[in-house]
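Me: I'd like to learn how to read a protein model, one feature at a time. Can we go through this one together?

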Amino acid sequence: MTPLFAFDDATCRDLAEAHGTPCFAYSATVALSGFRALRAALPARVRLAYAVKANPHPDLLRTFANLGASFDCASIGELDRVGALELPPGRTFFAGPGKREAELAKALALGVRVQAEGWEDLARLDALATEPVAVNLRVHPAFDLDEGNRIIGGTGPSAFGVDEEEVPALLARAAALRHVRIRGLHVFAASNQREAATLLAIHGAVLALAKRLHEAHALILEQIDLGGGLGIPYAPGETSLDLVRFGQGLSDLVADHPWFTGELILEPGRFLAGPCGVYLARVVRIKESRGTRFAILEGGINHLIRPLLTGQAFPVQAVGKGEGEVLHTLAGPLCTGLDRLGEVRLPALAPGDLLAFGQAGAYGRNEAMTHFLSHPVPPEVWVAN
Ligand SMILES: Cc1ncc(COP(=O)(O)O)c(C=O)c1O
């Protein structure tokens with residue numbers, strides 16, 4: 001079972017005292033070991049491209065780059081952060097449903113592989129390019145997506161990619177482009193999925209779709225990008241993704257598709273960044289209101305918005321106080337009734353108590369509404385060992 005908290009209580013206390021609260025702290029050790037474990041489980045044909053959106057902290061990016069990671073970017077800001085790593089060509093990808101011309105121009109200048117989300121990306125790149133450019137085509141599949149928490153948006157209408165049924169027409173149109181050639185596919189169809197069998201079933205469906213397109217349109221595929229979506233536990237008792245099973249299953253899938261001799265790409269964000277981070281905040285006050293005990297914290301959805309977006313809370317513990325059974329509603333300091341971080345059973349909290357939220361290395365500070373109410377932005381502490 002993977003620990004839900006990157007640091008023990010004593011370290012959380014030391015970090016809070018040294019850096020003040022609220023703050024985020026990231027463990028290099030946990031980030032390193034998570035990356036190595038995933039890498040070791042995967043077949044050599046799989047390229048690991050860290051999804052920068054999960055956490056763009058420069059030390060985290062450098063840590064993964066040193067381990068050979070590639071990077072999945074989704075904005076000009078992320079391209080800049082990864083550009084600062086000065087990686088060799090071929091290690092950066094650029095996805096996103098609304099790429100502006102300046103972003104495409106930058107991607108082209110940096111030699112970044114674009115995941116084209118529709119005709120506009122292809123046509124704009126073609127107009128900008130002066131020599132041959134290989135891109136991947138992002139497809140919004142028609143098959144059922146295992147996606148319960150609204151990150152990707154299910155099987156219905158989608159802003160992402162080209163709807164599967166529109167792909168033949170798009171391929172025909174793209175054949176007339178001067179410089180741009182579609183040489184890969186990208187399908188992102190899972191989110192926070194901890195069941196290896198479910199992920200493998202989705203990836204199997206993607207490979208079957210790729211085979212159909214390859215056969216029907218003589219599409220040359222150098223890459224098939226399977227997206228992110230590798231899950232992590234957020235609640236005590238939740239199991240972790242079985243990496244051995246997942247890696248073995250991917251090897252089996254590759255063996256089942258001998259027609260495909262290119263590279264598979266995985267773009268995990270949450271799996272690689274989540275476990276290394278904690279968010280530390282103190283209790284400001286306790287309010288008993290009509291039968292509900294509120295613990296009002298130094299930070300709320302301005303620092304962790306995931307519970308509001310997905311209805312799923314981060315794991316939390318009261319540092320140095322052990323287990324407890326008093327039900328608290330955790331509220332933040334914002335002037336909105338939406339500012340809640342969850343309902344949890346903890347020891348009876350008091351003002352000044354320190355809370356640690358685990359798995360907060362992904363979709364934590366960088367996803368939150370940090371500017372709302374102009375509270376200070378919490379610092380991030382990189383703990384090298
Ligand atoms: C294109 C793309 N790749 C990868 C990811 C990372 O997903 P996850 O953090 O679930 O692995 C996302 C997340 O939204 C994404 O949009």
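Reply: Sure, and let's begin with aromatic rings. Keep in mind that this is a predicted model. The structure holds seven aromatic pairs. One of them joins Trp259 and Phe260, and this pair is tilted.

Me: How is a ring pair described, and what are the values for Trp259 and Phe260?

Reply: In general, you give the distance of the centres and the angle of the planes. For Trp259 and Phe260, that's 5.6 Å centre to centre and 55° between the planes. The label "tilted" covers angles from 30 to 60 degrees, so 55° falls within it.

Me: Are Trp259 and Phe260 buried or exposed?

Reply: Trp259 is buried, and Phe260 is buried too.

Me: Which residues do ring pairs link into a cluster?

Reply: Look for Phe35, Tyr50, Phe64 and Phe71: ring pairs connect them into a cluster.

Me: Let's turn to cysteines. What is a disulfide, and how many does a search of the whole structure find?

Reply: A disulfide is a covalent bond between the sulfur atoms of two cysteines. Here, a search of the whole structure turns up zero disulfides. Take Cys73: the nearest cysteine sulfur belongs to Cys276 and is 18 Å away. The cut-off for a disulfide is 2.5 Å, so Cys73 is in no disulfide.

Me: Is Cys73 buried or exposed, and why?

Reply: Cys73 counts as buried because its relative accessibility is 0%. For Cys335, the relative accessible area is 69%, so that residue is exposed.

Me: What about the values in between? Where does Glu101 sit, and how is it classed?

Reply: Glu101 is in helix α5, which covers residues 101-110. Its relative accessible area is 49%, and exposed starts over 50%, so Glu101 is called partly exposed.

Me: Now the ligand. Which residues come nearest to it?

Reply: There are 13 residues around the ligand, and Gly229, Glu267, Gly269, Arg270 and Tyr363 come nearest. You can also sort the shell by type: four residues are nonpolar, four are polar and five are charged.

Me: Which polar atoms should I look at around the ligand?

Reply: Start with Arg270, where a polar backbone atom is 2.8 Å from an oxygen atom of the ligand. Next comes Asp72, with a side-chain N or O atom 3.2 Å from a ligand nitrogen. Then there's Lys53, whose side chain has a polar atom 3.5 Å from a ligand oxygen. As for cover, the ligand taken alone exposes 400 Å², and the protein buries 91% of that.

Me: Tyr363 was on your list of nearest residues. What else can I read from Tyr363?

Reply: Check the backbone: Tyr363 has a positive phi of about 50°, although it isn't a glycine. Tyr363 belongs to the loop between β16 (354-357) and β17 (380-383). It counts as buried because its relative accessibility is 16%.

Me: Which other residue in the loop between β16 and β17 can I look at?

Reply: Try Ser374, which lies in that loop. Ser374 also has a positive phi, about 55°, and isn't a glycine. Ser374 has a relative accessible area of 66%, so it's exposed.

Me: And where is the peptide bond that's cis?

Reply: Go to the bond from Thr21 to Pro22, which is cis with omega near -5°. Pro22 is in the loop between α1 (9-19) and β1 (23-27).

Me: One last thing: how far apart in sequence and in space are Leu38 and Leu243?

Reply: Leu38 and Leu243 are 205 residues apart in sequence, but their C-alpha atoms are 6.6 Å apart in space. Leu38 lies in helix α2 (residues 28-41), and it's buried at 0% relative accessible area. You can read Leu330 and Ile296 in that way too: 34 residues apart in sequence, 6.1 Å from C-alpha to C-alpha. Leu330 lies in strand β14 (residues 326-331), and its relative accessible area of 0% makes it buried. For Glu101 and Val167, 66 residues apart along the chain, the C-alpha separation is 23 Å.

Technical notes. Residues numbered from 1 in each chain as written. Predicted model: local features only at pLDDT ≥ 70, side-chain atom pairs only at ≥ 80, totals over all residues. Heavy atoms only, no water. Buried < 20%, exposed > 50% of the residue type's maximum accessible area, 1.4 Å probe, protein only. Helix = DSSP H or I, 4+ residues; strand = E, 2+ residues; numbered from the N terminus. Near = heavy atom within 4 Å. Polar contact = N/O pair within 3.5 Å; in protein donor to acceptor, adjacent residues only side chain to side chain. Areas by Shrake-Rupley, 256 points an atom, 1.4 Å probe, with all protein chains shown as cover. Nonpolar A, V, L, I, M, F, W, Y, C, P; charged D, E, K, R; others polar. Phe/Tyr/Trp six-rings, centres within 6.5 Å; stacked < 30°, edge-to-face > 60°.
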